[in-house]
Amino acid sequence: MIETETYTINIGPQHPSTHGGLHVEAIMDGEEVKDAIVHVGYVHRSVEKIAESRTYAQFVPYASRLDYLASHLPTLGYVQAVEKLAGIIVPERAEYIRVIVSELSRIASHMIFVGSLAIDLGATTGMVYCFRDRERIMDMFEMSSGQRMIASYMRLGGISADLPESFYPAVESFINDLPGMIAEYHGLISGNEILQERCKDVGILSAQDAVAYGVTGPNLRASGVDYDLRRDDPYGIYPRFEFRVPTGQNGDSWDRFMVRIEEMEQSGRIIKQALRDMPSGEIQAKVPRILKPEKGREVYHRVESSKGELGFHLVSDGSDKPYRVHVRAPSFINLMVLPLICRGGKLQDVITNIATLDPVLGESDR
Amino acid sequence: MVLNEADTRDGSSDVEQLEKHNIIVTTLEKIWNWSRARSFWPLSYGCNCCPIEMMASGAARFDIARYGYEVFRASPRQADLLIVAGPITLKMAPVVKRVYEQMPSPKWVLAMGNCATSGGPFRDGYSILPGADTLFKVDIFVPGCPPRPEALFHGLLELKKKVERGDY
């Protein structure tokens with residue numbers, strides 16, 4: 001191939017396919033991508049610094065706003081970290097409700113993934129179908145917490161309110177309809193030959209590279225590494241549930257897409273089991289109004305969010321405010337492989353790769 | 001058209017006479033505003049939670065196309081409505097400003113959500129601008145964190161009234 005003079009194409013920060021404020025500087029030779037430089041920080045809201053001036057309970061809404069596509073998952077990570085720090089034991093019923101809403105938000109996040117992949121690759125109709133089904137989850141969140149998207153439903157030591165009666169028929173009918181929805185996505189989106197051509201063998205990430213870069217979540221599993229924190233380092237009541245961890249073989253965009261679709265099915269299974277086993281009883285543990293964990297204690301707690309391993313590192317100085325809160329953001333770390341998987345590809349593959357890495361910039365930039 | 005003598009005999013003005021023949025007299029500016037208010041072309045810009053609600057308002061259940069505002073444009077040069085959805089960080093501020101300046105006039109700005117209205121929950125942060133109105137003139141503020149799609153529609157309909165009045 002003839003090498004010509006390289007030139008730069010800026011994708012973002014204002015670009016419909018960058019999922020928020022992501023800026024990718026693609027260095028091109030003809031139509032081939034020589035290198036891709038990722039610029040993050042356009043949504044840096046100084047969340048970690050704000051945490052130092054908020055009490056432990058006041059930070060819960062900020063945790064929800066980290067990953068706004070699946071707002072229950074970062075909240076779960078944060079409240080469990082504080083509970084670990086202060087030694088709070090959560091009532092059984094609250095644990096089950098937490099699992100149900102967390103898995104619902106994982107499904108909602110993956111639905112947005114499927115929809116935004118479709119719209120990024122030019123299939124606007126695909127997005128409409130996914131958002132139609134996601135609205136049913138939003139309805140359930142609104143029933144339980146009063147907010148559609150960013151629920152802040154969890155509290156330190158429990159949840160804010162018990163599930164209303166109308167929640168159960170809604171979630172049951174949703175879980176029963178879920179296989180049908182997924183079959184529809186397969187027929188409409190993954191059955192489309194254009195989408196298959198644009199995803200298969202695009203952005204191949206080997207298992208070795210994925211582990212070396214610290215990639216976690218569905219992106220890691222798509223590369224064939226069988227690792228899921230819900231099973232391998234369980235938190236909460238996850239050991240009680242039976243589910244399969246889907247993995248891919250090639251680590252290309254297609255596998256990243258298919259792994260997420262299968263994860264939606266598995267989340268449905270978990271919700272079914274949780275609804276079956278859910279006991280009645282208290283939903284809130286006794287937590288002091290002003291929570292002052294012991295001085296010098298620090299914890300690191302990690303949960304499997306829809307993007308990967310989401311960790312919270314809390315340091316206490318004995319006051320009612322944390323001394324330091326650090327968020328291990330999976331989106332940020334997953335984004336760092338973007339140059340690696342884009343090199344040698346075409347310009348349109350950059351868009352596919354951004355979409356299938358599924359970064360959420362609010363969490364990446366914090 | 002030529003008015004005949006019978007039309008002017010009752011002492012009504014020329015304009016009233018024209019209306020009798022189903023001809024409406026107006027100014028060009030009024031016609032333009034009437035049509036502008038019914039077909040905003042929003043720019044698909046956003047950088048946090050609010051754009052997800054913006055996408056939801058474009059999707060099946062809420063369907064922004066009912067109001068004629070569904071033509072989301074990726075290029076600022078084709079858009080006339082900037083929906084500032086999400087917080088404006090110090091790093092993003094020059095980009096938004098430039099995007100705004102690239103839009104052709106007449107253009108309107110709708111600040112969606114608490115972050116774009118006032119900085120919202122992140123107002124205390126060291127990297128956040130306290131609202132979009134520190135950068136350019138904002139026509140409509142839609143509060144909420146994030147606002148529901150219905151709230152966005154309400155904001156758009158208020159903006160429609162404003163544009164129809166020519167008040168911008």
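1. The radius of gyration here is taken over C-alpha atoms, and the yardstick for a globule is 2.2 Å times the number of residues to the power 0.38. With that in hand, look at chain B: a compact globule of 168 residues would come out near 15 Å, but chain B has 21 Å. The box tells its own story, since the C-alpha atoms of chain B fill roughly 75 × 35 × 25 Å along the principal axes. Keep in mind throughout that this is a predicted model.

2. On confidence, the predictor gives the complex an ipTM of 0.83 and a pTM of 0.86. Chain B averages a pLDDT of 84, with 93% of the residues scoring at least 70. Which elements of chain B sit at the two ends of the pLDDT scale? Helix α1 (residues 5-8) of chain B has the lowest mean, 57, and β4(B) has the highest, 91. A general caution fits here: where pLDDT is low, the predicted coordinates should not be read in detail.

3. Now the layout of chain B. There are seven helices and four strands, and from the N terminus on they run α-α-α-β-α-β-α-β-α-β-α. Of the contacts in chain B between residues at least 6 apart in sequence, 74% join residues at least 24 apart. Buried residues account for 40% of the 168 in this chain.

4. The four strands of chain B make an open sheet in the order β1-β2-β3-β4, with parallel pairing. At the edges are β1 (42-43) and β4 (140-142) of chain B, each pairing on one side only. If you want to check the register, β1(B) and β2 (residues 81-85) of chain B are joined in the parallel sense by two bridges, and B:Leu43 has B:Leu82 in β2(B) as its bridge partner.

5. Keep an eye on α4(B), which turns up in two places. What does α4(B) touch when it packs on the sheet? The helix contacts β2 and β3 (108-112) of chain B, and its direction makes about 130° with that of β2(B).

6. The other place is the interface, where 29 residues of chain B are in contact with 29 residues of chain A. On the chain B side, α4 (49-58) and α5 (93-102) each supply at least two residues. The biggest giver is α4(B), with five residues. By class, that side of chain B has 19 nonpolar, five polar and five charged residues.

7. Two peptide bonds in chain B deserve a look. One is the cis bond joining B:Ser105 and B:Pro106, with omega about -5°; B:Pro106 is in the loop between α5 and β3 of chain B. The other is the cis bond between B:Cys145 and B:Pro146, with omega about -10°. B:Pro146 lies in the loop between β4 and α7 (149-165) of chain B. As background, most residues other than glycine have a negative phi, and most peptide bonds are trans.

8. Chain A has backbone oddities of its own. A:Ser46 has a positive phi of about 55° although it is not a glycine, and it lies in the loop between β3 (32-39) and α1 (47-51) of chain A. A:Asp201 also has a positive phi, near 60°, in the loop between α7 (193-199) and α8 (207-213) of chain A.

9. Are those two residues buried or exposed? A:Ser46 counts as partly exposed because it has 17 C-beta neighbours inside 10 Å. A:Asp201 has 12 such neighbours, so it counts as exposed.

Notes
Residues are numbered from 1 along each chain as its sequence is written. Chains are lettered from A and ligands numbered from 1 in the order in which they are written. This is a predicted model: local features need pLDDT of at least 70, side-chain atom pairs count only at pLDDT 80 or more; totals for chains, interfaces and linings use all residues. Two residues are in contact if their C-beta atoms, placed from the backbone, lie within 7 Å. Ala, Val, Leu, Ile, Met, Phe, Trp, Tyr, Cys and Pro count as nonpolar, Asp, Glu, Lys and Arg as charged, and the others, Gly among them, as polar. Two strands pair if DSSP finds at least two bridges between them. Axes are lines fitted to C-alpha atoms, for helices over the stretch in contact, and angles run from 0 to 180 degrees between N-to-C directions. A residue is buried if 20 or more other C-beta atoms lie within 10 Å of its own, exposed if 12 or fewer, and partly exposed in between; C-beta atoms are placed from the backbone. pLDDT is the predictor's confidence in each residue, from 0 to 100.
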